[in-house]
Amino acid sequence: AAMADAGAPAAAADGRRPPMACIVIGMAGSGKTTLMQRLSVHFHEASRPFYAVNLDPAVLSLPYEPNIDVRDTVDYKRVMRQYNLGPNGGILTSLNLFATKFDQVLDFVERRAAGPDAPSH
């Protein structure tokens with residue numbers, strides 16, 4: 001057990017551990033969305049706070065509800081039309097546009113994590 005905790009962040013002065021971050025990337029069809037859905041269910045059933053951030057502007061639907069969704073900020077198809085881009089260029093440009101606001105995303109997550117009403121989905 002000591003070996004498993006060696007890389008874990010130390011608990012804060014109030015005894016709480018800082019939130020864990022898990023970034024899931026991979027090729028189309030590799031199971032990223034399925035993994036995120038299963039993690040969401042697992043943490044919900046365990047009554048543990050879980051923040052899901054969807055960074056795929058081209059996904060049509062998700063089997064879980066992300067706390068933050070790039071699609072709420074950037075319209076991938078509109079970006080494709082506006083800049084005369086194909087699908088890959090549209091995705092990259094959408095993410096670049098979203099990245100200009102990522103400091104706001106981090107502020108939101110930090111404020112919510114510090115509060116007593118941390119979500120459990």
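Colour the chain by secondary structure and follow the elements from the N terminus, where they run α-α-β-β-α-α-α, which comes to 5 helices and 2 strands in this predicted model. With the whole protein still displayed, note that buried residues make up 20% of its 121 residues, and that about 8,800 Å² is exposed, with carbon and sulfur atoms supplying 57% of that area. If you draw a contact map beside the viewer, residues 24 or more positions apart account for 41% of the contacts that have a separation of 6 or more.

**First stop: the nonpolar cores**

Select Met36, Phe43, Phe50, Ala52, Val59, Leu62 and Tyr64, and show their side chains, since these 7 residues form the largest nonpolar core of the protein. In soluble globular proteins, nonpolar side chains tend to be buried together. Centre the view on Phe43 and ask which residues Phe43 touches, once those up to four places away in sequence are set aside. They are Met20, Arg48 and Phe50, and of these Phe50 is itself listed in the largest core. Apart from that core lies another, of 6 residues, and to find it you can select Val74, Val79, Phe98 and Val105, which are among its members.

**Second stop: Asp69**

Move next to strand β2, residues 68-69, where Asp69 has its place. Is Asp69 buried or exposed? Its relative accessibility is 8%, and because buried means under 20%, Asp69 counts as buried. Display the side chains around Asp69 and two polar contacts can be drawn from its own side chain: one of 2.8 Å to the side chain of Asn54, and one of 2.6 Å to the side chain of Arg71. Leaving out residues up to four places away in sequence, Asp69 touches Asn54 and Leu62, so that this stop leads back to a residue of the largest core, Leu62.

**Last stop: helices α3 and α4**

Finally, select residues 76-83 for helix α3 and residues 87-99 for helix α4. Two packed helices are described by the angle between their axes and the distance between the axes. Here the angle is about 110 degrees and the axes lie 9 Å apart; as angles of 65 to 115 degrees count as roughly perpendicular, α3 and α4 are therefore roughly perpendicular to each other. To see what makes the contact, show Tyr76, Val79, Met80 and Tyr83 on α3, together with Pro87, Gly90, Ile91, Thr93, Ser94 and Leu97 on α4. Val79, on the α3 side of this contact, is also one of the residues in the core of 6.

How values were computed: Residues are numbered from 1 along each chain as its sequence is written. This is a predicted model: local features need pLDDT of at least 70, side-chain atom pairs count only at pLDDT 80 or more; totals for chains, interfaces and linings use all residues. Side-chain values use heavy atoms; hydrogens and water are left out. Helices (H or I, at least four residues) and strands (E, at least two) are DSSP runs, numbered from the N terminus. Buried means under 20% relative accessible area, exposed over 50%, partly exposed in between (1.4 Å probe, protein chains only). A polar contact is a pair of N or O atoms within 3.5 Å; within protein, one must be able to donate a hydrogen and the other to accept it, and residues adjacent in sequence count only if both atoms are side-chain atoms. Contact means heavy atoms within 4.5 Å. Accessible areas come from the Shrake-Rupley method with a 1.4 Å probe; for residues, only the protein chains shown count as cover. A nonpolar core is a set of buried Ala, Val, Leu, Ile, Met, Phe, Trp, Tyr and Cys residues joined through side-chain atoms within 4.5 Å. Axes are lines fitted to C-alpha atoms, for helices over the stretch in contact, and angles run from 0 to 180 degrees between N-to-C directions. Angles under 35 degrees count as roughly parallel, over 145 as roughly antiparallel, 65 to 115 as roughly perpendicular and the rest as oblique.
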